[in-house]
Amino acid sequence: MQISHAHLPLRRLGLAAAGSVVLLGIAAGPAAAHAEVSASDPRALAENVTLSFTSEAESDAAGIAELRVVLPQGIAPDAVTLKEAPEGWKLTATPDGYSVGGAALATGTDAEYSITVRQLPDAKSLAFKTLETYGDGKVSRWIEVPADGRKVDNPAPLLQLQPAAPGAKPIAPSPSPTPTPSAPAAGPSSPAPAAPATPPDAARKANAADSGSGNGVVVAIVAAVVVLGGAGAFRWTRRSRQS
């Protein structure tokens, strides 16, 4: 059987097209695992907002056991509370964010949880850098923040915010209670309490008593001197007569 030369270009085009489809299939492949975040009210300065997170499982050997999140600027660790999480998982505040975890999930199970944030900051977008730790110790780092429209390999969960509602303001911190002043306890260096003032009549009586006592002492001394002087003169006179 003879093949016409006119059909050869068509055959080559068909093979080339099939090869292209295979290459495109390989290039597309399954999407890489990633972490995402969504908000119940994605507006700047919104209050009591629920943030829901999903971290896709990417290990064939172990399940996710912990998620460590670095909070964006404007959200303090103490402004976050756990709303929903896998059974037995707990939230623990850290110096720059929080961790949520517990017993490792089943292999291939995505980690889903939600938190309540007291108030979102006044910003255009919020990045929640996340570290995923698996039961076998493997760590996936979703911490890269895309800039200038460039794509990154391990993007952090990014929440785009809408403008704040009219009249929305940052929540003022609650005032600290003013301490009630109390009397200082007496101590070695504390001044002694002032003695109560003496009534004028009592003071005059006390002075009169002191004066009377002083005069009586003086009279007694003078009398003793006189007696001693008289006894001495008597003895001197008697000796003179005997001689």
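**Exercise 1. Decide whether Y113 is buried or exposed in this predicted model.**

Solution. The relative accessibility of Y113 is 4%, and a residue is called buried when its relative accessible area is under 20%. Because 4% falls under that cut-off, Y113 counts as buried. The same reasoning applies to Y98, which counts as buried because its relative accessibility is 1%.

**Exercise 2. Find which aromatic pairs involve Y113, and classify their geometry.**

Solution. Begin with the search of the whole structure, which finds three aromatic pairs. One of them is formed by F53 and Y113, whose centres are 5.1 Å apart and whose planes stand at 10 degrees; planes under 30 degrees apart count as stacked, and this pair is accordingly stacked. F53 belongs to strand 2 and Y113 to strand 7, so that the pair links distant parts of the chain, 60 residues apart. Both F53 and Y113 are buried.

Next take Y98 and Y113, with ring centres 6.3 Å apart and planes at 80 degrees. Planes over 60 degrees apart count as edge-to-face, so this pair is edge-to-face. Since Y98 lies in strand 6 and Y113 in strand 7, the pair ties together parts that are 15 residues apart in sequence.

As a last step, place these rings in their wider group: F53, Y98, Y113 and F128 form one aromatic cluster.

**Exercise 3. Describe the largest nonpolar core and identify the residues that touch the most other members.**

Solution. The largest nonpolar core has 26 residues, and those touching the most other members are L51, Y98 and F128. The elements that give two or more residues to this core are strand 2 (47-55), strand 3 (64-70), strand 6 and strand 7 (111-119), and strand 7 gives the most, with four residues. To see one of these residues in detail, consider L51: setting aside residues up to four places away in sequence, L51 touches V37, S38, A39, Y113, S114, I115, V117, F128 and L159. As general background, nonpolar side chains in soluble globular proteins tend to be buried together.

**Exercise 4. Work out the surroundings of S99.**

Solution. First locate S99, which lies in strand 6 (residues 97-101). Its relative accessible area is 11%, and S99 is therefore buried. Then, leaving aside neighbours within four places in sequence, list the contacts of S99, which are E66, L67, R68, K90, L91, T92 and T94.

**Exercise 5. State where K138 lies with respect to the ring of Y134.**

Solution. K138 lies over the face of Y134, at 5.9 Å from the ring centre.

Note on methods. Residues numbered from 1 in each chain as written. Predicted model: local features only at pLDDT ≥ 70, side-chain atom pairs only at ≥ 80, totals over all residues. Heavy atoms only, no water. Buried < 20%, exposed > 50% of the residue type's maximum accessible area, 1.4 Å probe, protein only. Contact = heavy atoms within 4.5 Å. Core = buried A, V, L, I, M, F, W, Y, C linked by side-chain atoms within 4.5 Å. Phe/Tyr/Trp six-rings, centres within 6.5 Å; stacked < 30°, edge-to-face > 60°. Lys NZ or Arg CZ within 6 Å of the ring centre and 35° of its normal.
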